[in-house]
Amino acid sequence: MNNKNVYMPGPSNVRENVRQARSIKTTNPDVDVDFVEFYKSTCDKMAKIINTKNDVYILSGEGILGLEAACASLTEKNDRVLVIDNGVFGKGFEDFVTMYGGEAVLFSKSYKKAIDVEELERFLEKDHDFKYATIVHCDTPTGVLNDLSKICPLLKKYNILTVVDSVAAMVGEKLLVDDWQIDMVLGGSQKAISAQPGLSIVSVSEDAKNSMKNRKSKIIGFYCNLTIWEDYYEQKYFPYTMPISDIISLDRALENILEEGTENTIKRHERIAKATREALKEYGGELFLNSGYSNTVTALVIPENIGALNLTKYIREKYNTIIGTSLGEYVDKLLRIGHMGENAKLDKIIYILDILDNSLKDLGFQGNGSLVSLFNKYYK
Ligand SMILES: *Cc1c(COP(=O)(O)O)cnc(C)c1O
C-alpha cells in the first residue's frame with residue numbers, strides 16, 4: 001500500500017522532514033502552555049503565508065470540516081446565501097448552506113471557465129440581499145481558478161461576507177486575504193501545503209466574528225462552531241485535545257514554504273503548470289478549460305475510446321502509479337494531473353508526463369512527439 005507513486009491533486013506527496021516531524025516525542029497538548037504557544041506560532045506562519053492579520057485557526061479534521069464550519073457558524077434559518085457555482089465544489093456549498101437552514105441562491109455558470117466578474121456585477125446590481133457568498137478559489141475536479149482579487153471586493157462592496165474555499169489553491173496561488181477583503185478562507189493540510197491529510201485551516205475576519213456574535217439563534221453543533229476558538233490563546237485552553245503530531249508536521253511543512261519563500265513557491269507552481277499545459281496542447285491533447293487555468297491542477301480531456309478510468313487503471317497496473325480522473329459527470333472523461341506542493345517539482349512532473357505519454361500511445365492515442373521534450377521546450 002505504501003510504495004506507490006502518487007500524482008493526485010491532493011493528498012499530495014509529503015516531504016521526508018514533514019514525515020519525520022510527525023514522529024517527534026510530544027507533550028500534553030491540553031495542559032502544557034508551551035504547546036499553546038507552538039500552536040499559535042503555527043497559525044501565525046499560516047497567516048503570514050496567506051497575507052492576513054486576521055485570526056487563523058487550525059482545526060482537527062480534513063478540509064471539508066472548514067467548509068462545513070464556515071457555513072454552520074454563519075448560517076441562520078432563512079438567511080439568503082449566494083452560492084457561486086462554476087465547479088463541483090462550488091455547487092457543493094449549497095448542501096452545507098441548506099443543511100444549516102439557509103436559503104442557497106445559486107449563481108451557476110459554465111464549468112469550463114472562470115467566473116465572469118462583470119456578469120456577477122450585473123447580477124448583484126439587481127439582487128444583493130445576501131448574508132454571505134461562497135466561492136471556490138481553485139475548483140479541483142476541473143482545475144478552474146477564480147479571480148478572488150476582483151470577486152471578493154465586489155461582494156464586500158454590497159456588504160456580503162465572503163467565504164472562500166482555497167483548499168486546493170492556497171500556497172500554489174497568490175492569496176492576499178486582507179487586500180482582497182476575504183472574511184473566511186478555508187484551507188487543508190494535504191494539498192499544496194503538502195502535509196498529511198487531517199487538518200483544516202480557517203481565517204476569520206472581524207466582520208465575520210461580528211456576524212457570528214450578532215446571531216439571533218445559537219450555532220448548531222460544537223465541532224463546527226468557530227466561536228469556540230475565540231479566546232483560546234488568552235485562556236490557554238483548547239476546546240478539545242489538539243492532534244499535536246499533525247500540527248508539528250504542518251508546522252514543518254509551513255517552514256519548508258517559508259524557507260523557499262512564499263513568492264518562489266507560487267512561481268514554482270506557475271512555471272510547472274504553464275509548461276504542462278503548453279506541452280499537452282502541442283502534443284495534441286485537449287485541455288478541459290477555456291480560461292481560468294490554475295497553477296495546481298491540469299484537467300485533460302481523454303477521448304472516449306480510451307476512457308479516463310481505463311487510462312488510470314492502465315497506469316496503476318503498469319507503473320504502480322496513481323493519477324486521478326475527476327468527479328461526478330467527469331469521472332470517465334477527464335484526467336487530472338496534480339502539480340501541487342511537493343508534486344510541483346521537475347523530477348515529479350517529468351516522471352508523470354513520461355508515463356502519461358507512453359500509456360496514451362499504448363492505448364492508441366496519436367500524440368505529436370514526446371510530452372517530456374515538449375515540457376522541456378516550454379519550461380521557462
Ligand atoms: C480537496 C478539496 C477539499 C477537501 O475535500 P476532500 O474531498 O475531502 O479532500 C475541499 N475543497 C476543494 C476545492 C478541494 O480540492
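## Strands, ligand site and outlying elements of a predicted model

In strand β4, F107 is the bridge partner of I84. The model examined here is a predicted one. The pair just named belongs to a longer contact: β3, residues 80-85, and β4, residues 103-108, run parallel and are joined by 6 bridges. Helix α4, residues 88-99, forms a right-handed β-α-β unit together with β3 and β4.

**From β3 to β8**

Strand β3 also runs parallel to β5, and 3 bridges join these two strands. Within this pairing, T134 in β5 is the bridge partner of V83.

How many of the residues of β5 are buried? Strand β5 covers residues 132-136, and 5 of its 5 residues are buried, so that the strand is mostly covered. The side chains of β5 can be followed in two groups. Y132, T134 and V136 point one way from the strand, whereas A133 and I135 point the other way, and all are buried. T134, the partner of V83, therefore belongs to the group that also holds Y132 and V136.

A further parallel pairing joins β5 to β8, the strand of residues 161-165, through 5 bridges. Here V136 stands opposite D165 of β8.

**The ligand**

Both residues of that last pair return in the surroundings of the ligand. The residues around the ligand are E62, I64, F89, V136, C138, T140, D165, V167, A168, Q190 and K191. For three of these residues, a distance between a polar side-chain atom and an atom of the ligand is listed below.

| Residue | Ligand atom | Distance |
|---|---|---|
| T140 | oxygen | 2.3 Å |
| D165 | nitrogen | 2.6 Å |
| K191 | oxygen | 2.7 Å |

Taken alone, the ligand exposes 370 Å², and the protein buries 80% of that area.

**The annotated span**

The UniProt record, in an unreviewed entry, lists residues 33-299 as "domain: Aminotransferase class V". In the model, this span is 42% helix and 18% strand, and its end C-alpha atoms lie 46 Å apart.

Helix α2, residues 33-49, contains D44. Is D44 buried, or is it exposed to some degree? D44 has a relative accessibility of 39% and therefore counts as partly exposed. Along the chain, D44 and D55 are 11 residues apart, and their C-alpha atoms are separated by 8.3 Å.

N225 lies in the loop between α7, residues 206-213, and α8, residues 232-235. Why does N225 count as buried? Its relative accessibility is 11%, and a residue counts as buried because its value is under 20%. The side chain of N225 also makes a polar contact of 2.6 Å with the side chain of T227.

**A sheet of three strands**

An open sheet of 3 strands, with antiparallel pairing, has the order β11-β12-β14. Which strands stand at the edges of this sheet? The edge strands are β11, residues 286-287, and β14, residues 334-338; each has a single partner strand, so one side of each is left without a neighbour in the sheet. Strand β12, residues 297-301, runs antiparallel to β14, and 5 bridges join the two. One of the residue pairs in this contact is V301 with its bridge partner L334 in β14.

Key: Residues numbered from 1 in each chain as written. Predicted model: local features only at pLDDT ≥ 70, side-chain atom pairs only at ≥ 80, totals over all residues. Heavy atoms only, no water. Pairing = 2+ DSSP bridges. Helix = DSSP H or I, 4+ residues; strand = E, 2+ residues; numbered from the N terminus. Right-handed = clockwise from strand over helix to strand, strands pointing away. Buried < 20%, exposed > 50% of the residue type's maximum accessible area, 1.4 Å probe, protein only. Near = heavy atom within 4 Å. Polar contact = N/O pair within 3.5 Å; in protein donor to acceptor, adjacent residues only side chain to side chain. Areas by Shrake-Rupley, 256 points an atom, 1.4 Å probe, with all protein chains shown as cover. UniProt positions renumbered as here; feature names shortened; annotations may be inferred.
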